[in-house]
Amino acid sequence: MKLSHLLFTLLIGCATVVSAQEAYDVANIPAELLKKSTVVIRDEEQHLTIKSNSNAVMTYKTAITILSKNGEDNAVMSEYYDKFSSVYNLKAFMYDAKGIKIRTYKASDFKDESITSDGTMYDDNRIKKMVFLNATFPYTIEYSYEKSYNGYIAFPSWSPVSAYDCAVEKSVYTLQVPKTVTFKYLKSKGLQTDSTVTADKTTYTWACQNLNSFTYEPMSTGLNTITPWVLVSPNNFEYDNSRGSVENWKNMGDWIYQLSNTVQPLPEKTKATIQALIASAKTDQEKITILYHYLQSNTRYVSVQLGVGGFRPITADKVASVNYGDCKALSNYMKAILTEAGIPSNLVVIGNGLPSLNKDYASFGQANHMILCVPAAKDTTWLECTSQYTPAGYIGNNNSGRTVLLVTEAGGKLVSTPVYKPEDNFQNRITTVMLTTDKPADVHIKTSYSNSQYEEQLGMMLLEPAEQRKRVMSNLGIPDMEISSLSFLQPDKSFPKIEEDIVLKSSQMISHGGDKLFITLNLLNRRESVPAKVENRQTSFSVAYGFKDTDVTTYTLPEGYKVEFVPQDISLESEFGKYTAKVTVKDNSIVYTRNQTMNSKKYAPEKYKDIVEFYKKIYVADKQKAVLAKIN
């Protein structure tokens, strides 16, 4: 009997080992999941138990197979926490290609670090982190942990496909909620929701399995439209001794308003300065511009992320005394300054660089920034209070065209920020080229950049002259170039426009072929490539922003030469934009005029081949040459 029992125990133990090995044996991964993948999520389990409006516990476990060196970025475990949460019971293992365990990690192998970043002065966020290293591929990492929440404003989301080239064998998200807690969720199209109801709680489950990886597609707007995901938010919460509701945007705005609606006294010295600055201003708009410039000249941005302090602005008098603050503090300070000037304004919650707020789903995770709105009957002014350089009214491409939350005394109200049209985001360039055959050509380039294109060039204006020259040499792409002079100016501080002025010489502006000379007419704004073709494209796409470029280049012919050939005018038009190129010959000069307008909107995947064809035509048109011949 004893021998039989021992043998049975040994057999069970062997079966357990074999089972564990088989679980992560790379040979067991379905062949389809390996195609074009660098990692495979073998088994992911995320379980969230809500206990009350202020307490929750999450257990998390995952196993990830790293197929190649290109997937090493995924060989990391990291989980954030702060003074209202804790991460514990961490475990981690590594397995070889056959699924045999080759390493067990100790508690001391996990690092506990602050995640305070540059520009962040106050931050109570920390991270538990482990970086897995192995020289032989493939290998599998497995890790797990628990996380408890003592106060929350949002629940963890679920997005099993975290990156391109990542396949998923199995992933499950389970949410257990007591009857006393109300919540809402938003999920990807077609994802099934399973639920089980008991006397005192409901359990929700979302799952996916055998998802092939997706290869990055040019101009993609992201994976969210083709992969499963779930967002979950409480309707009511308790956080850092504060109670609030995000049942709708009105309630969320009311909570934020209550946090910021404390007395905002300004020092008497600051009040006197404000009144002196606006003494001669005739309109509210003049006052706004003057006071916004005052804010920019006397404050700087730092980040503050401390509990409710991540949502409650530092008081205006504090900002006035220290001359710094985060986006909330600076927006709130500007609001107090405008109040002193008799101009009402509202704080605005926005997702900088994120999509618009979902009108039907109120939650905290959709926003990451705060700006200021100065309402008016005809001309509302929006202020990006963290910038020390942009003009009043310009809030940047990442804030434009968004649905945002206006924080008012009556609660939150969804409104829209300004849309910058292609003609607003212009680049106007006038170039003159004096050609000769025996010495370098003289080139003078004058360019105006506005709005989004101004924003891209703003960094150039702030560089040291030597670095400006280096960047221009790299960006222009004119061979054998020698810069004589260079300047970047913002002539009107109240308008988002930069003027660039470059004078240079180049000895390679023309090419020779027998007794002919050849000139590439589009000197500076050529399309140098075409987006790669993508068969069976999956994701939608867009251009970064709509714009309009106008280039007028005048070539003065070298002595002793005449025009033998110029190309015909070109006009291209599609739903993506419009392109024209026109060549005019007058006396001893060639004038080349190029216009390109691109629209910014989201396009369906099946239209991608059309934009590739449109860009291909522009690419060819931008290579056009003129031919010069000697005068007999």
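What is the relative accessibility of Glu-499, and does that value count as buried, partly exposed or exposed? In this predicted model, Glu-499 has a relative accessibility of 25% and counts as partly exposed, because the buried class ends under 20% and the exposed class begins over 50%.

## Overall description

The protein chain has 632 residues, and 47% of them are buried. Its secondary structure consists of ten helices and 36 strands. The C-alpha trace extends over about 115 × 70 × 40 Å along the principal axes.

The accessible surface of the chain is about 31400 Å², with carbon and sulfur atoms contributing 51%. Of the contacts between residues at least 6 apart in sequence, 71% are between residues at least 24 apart.

## Charge and salt bridges

There are 69 positive and 67 negative side chains in the protein chain. The centres of these two sets are 1 Å apart. The structure contains 22 salt bridges, among them the pairs described below.

## Glu-499 and Lys-497

Glu-499 forms a salt bridge with Lys-497, with an N to O distance of 3.4 Å. The partner, Lys-497, has a relative accessible area of 24% and is partly exposed. Glu-499, at 25%, is also classed as partly exposed, because neither buried (under 20%) nor exposed (over 50%) applies.

## Arg-126, Asp-112 and Lys-128

Arg-126 and Asp-112 are joined by a salt bridge whose closest N and O atoms are 2.9 Å apart. This pair links distant parts of the chain: Arg-126 belongs to strand 8 (residues 126-131) and Asp-112 to strand 6 (residues 111-114), with the two positions 14 residues apart in sequence numbering.

Arg-126 has a relative accessible area of 30% and is partly exposed. Asp-112, at 34% relative accessibility, is partly exposed as well. A network of salt bridges connects Asp-112, Arg-126 and Lys-128.

## Arg-537 and Glu-217

A salt bridge also connects Arg-537 with Glu-217, where the closest N and O atoms are 3.8 Å apart. Arg-537 is in the loop between strand 30 (516-520) and strand 31 (547-556), while Glu-217 is in the loop between strand 13 (201-211) and strand 14 (230-234), so the salt bridge ties together parts that are 320 residues apart in sequence.

Both Arg-537 and Glu-217 are buried. Arg-126 and Asp-112, by contrast, are partly exposed, at 30% and 34%.

How values were computed: Residues numbered from 1 in each chain as written. Predicted model: local features only at pLDDT ≥ 70, side-chain atom pairs only at ≥ 80, totals over all residues. Heavy atoms only, no water. Salt bridge = Lys/Arg side-chain N within 4 Å of Asp/Glu carboxyl O. Helix = DSSP H or I, 4+ residues; strand = E, 2+ residues; numbered from the N terminus. Buried < 20%, exposed > 50% of the residue type's maximum accessible area, 1.4 Å probe, protein only. Contact = heavy atoms within 4.5 Å. Areas by Shrake-Rupley, 256 points an atom, 1.4 Å probe, with all protein chains shown as cover. Lys, Arg positive; Asp, Glu negative; His and termini not counted. Charge placed at Lys NZ, Arg CZ, Asp CG, Glu CD.
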